[in-house]
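Good morning, everyone. Please have the sequence and the fold up in front of you. I'll go through the sheet, then the cores.

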Amino acid sequence: MSKFGLGRGLADLKEEMGSIPDISILTGGERVVVKQIPLVQIGANPDQPRKIFSEKELEELSASIKEKGVLQPILLRAVAGKPYMYEIVAGERRFRASKMAGLTEIPALVKTINDENAMEIALIENVQRENLNPIEEADAYENLMDKCGYDLSDVSRLIGKSESYIKNAIRLINLPDEVKNMVEQGILSPSHARTILVAENPVALAQEIVKKNMSVAETEKIVKNSVRSIKSRTYVSRSMDAKTVRDIEIRIKNALGVQVRLQEKKGGAGSIILSFSTRIQMQELIDRLTK
C-alpha cells in the first residue's frame, strides 16, 4: 500500500487555496474553511525544509501584501504543548512577509495533518516552487527518509523525480559545512560540490575552484589525478611499489606452498591468485586454507 493518501479532500483544498502546486498527500474528507488567524498564535514548522529566506524577496512580497493583501491563504495545523496554537505547514514566506508588512492576522486553512504529512506537504510546496537551495533540498529528502521511514523509491514517487536525482542530491549532505555554505550562497555549484566530495581536502579545492573560476570538467580532472579522501568509496591509495608486492607474494607462497600473484585495483581493492599444478597440491592448499 502506498505511504501517501491520494486524499479525497484534495480537490476542495485546492479550490479553497487557489493556485498552488499539486499536493497529493492530504487525507481525510473533512471540510476546511479559510479563517483569519492572529499572527501571534502561529509558529514555524521545525521541519520546514527551507531554512534561508531572502530578505529582498520578503521585502518585495511584503510590499505586495501591503498593497493587495494576502491573496493565497497559508496552510496550518493545530498543535498542543507549544507556545502557539497553530503550526505552519505551507506558506512560511507569506507569514514572514505579513509580519513585515505590519499585519496582525493572516488568512489560513486549518487542517488535521500528522507530522509525516506535514513534512511531505512542506517539501512538495518548496520543491515544486523551486524555493529550496541544493543543501536544503538534500536535507529535506534525508529527513523524509530518516523521520518518516521512507526509502528512495518512496521519495521519488512523492516528489516526482528519479531515484538517481534524489540519491545525487543527498550526496551533498556529506560535504564539510564550509563547502555547504558556499553552495547555499550560490558561490559554488552543486555539480562542482559533488565532484569534490571525494577529494582529500574539499574545502581547499572549493576555494581554488571559486578563485580560478574553474569549470566542472577542470575540477573532475584535478580530482581524478589527486589523492582522494580515505572516506570515499572511490578512494585510490598510492600503489604499492614492486618490492612490496613481491615481498607479499613470497610470504604467502612460503605459508601456502604454491605460486602467488598479487594484483592491485583502484580503490584499494585487488586480488590474490593462487596457482597449483596437481590435484594433490590443490588438496594440500585447501587443507591449509580451511584450517
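Start with strand 1 and strand 5, residues 105–110: they run antiparallel, and 5 bridges join them. Keep in mind that this is a predicted model. For one position in that pairing, look at P38, which stands opposite E105 in strand 5.

Now the whole sheet. It is open, with 5 strands in the order 1-5-3-4-2. The pairing is mixed. Which strands stand at the edges? Strand 1, at 34–38, and strand 2, at 42–43. Each has a single partner strand, so one side of each is left without a neighbour in the sheet.

Next, what packs on the sheet? Helix 3, residues 92–100. This helix touches strand 2, strand 3 (74–78), strand 4 (86–90) and strand 5. The direction of helix 3 makes about 120° with that of strand 4.

On to the cores. The largest nonpolar core has 19 residues. V179, L188 and I196 have the most contacts inside it. Three helices each supply at least two residues of this core: helix 5 (134–147), helix 8 (177–184) and helix 10 (202–212). Helix 10 gives the most, with 4 residues.

Zoom in on I196. Leaving aside its neighbours within four places in sequence, I196 is in contact with V179 and L188. Its list also holds P202, L205, A206, I209, T219 and V223.

Last item. There is a second core, separate from the one around I196. This second core has 17 residues, among them L61, Y86, A101 and I106.

That's my tour. Over to you.

Key. Residues are numbered from 1 along each chain as its sequence is written. This is a predicted model: local features need pLDDT of at least 70, side-chain atom pairs count only at pLDDT 80 or more; totals for chains, interfaces and linings use all residues. Side-chain values use heavy atoms; hydrogens and water are left out. A nonpolar core is a set of buried Ala, Val, Leu, Ile, Met, Phe, Trp, Tyr and Cys residues joined through side-chain atoms within 4.5 Å. Buried means under 20% relative accessible area, exposed over 50%, partly exposed in between (1.4 Å probe, protein chains only). Contact means heavy atoms within 4.5 Å. Two strands pair if DSSP finds at least two bridges between them. Axes are lines fitted to C-alpha atoms, for helices over the stretch in contact, and angles run from 0 to 180 degrees between N-to-C directions.
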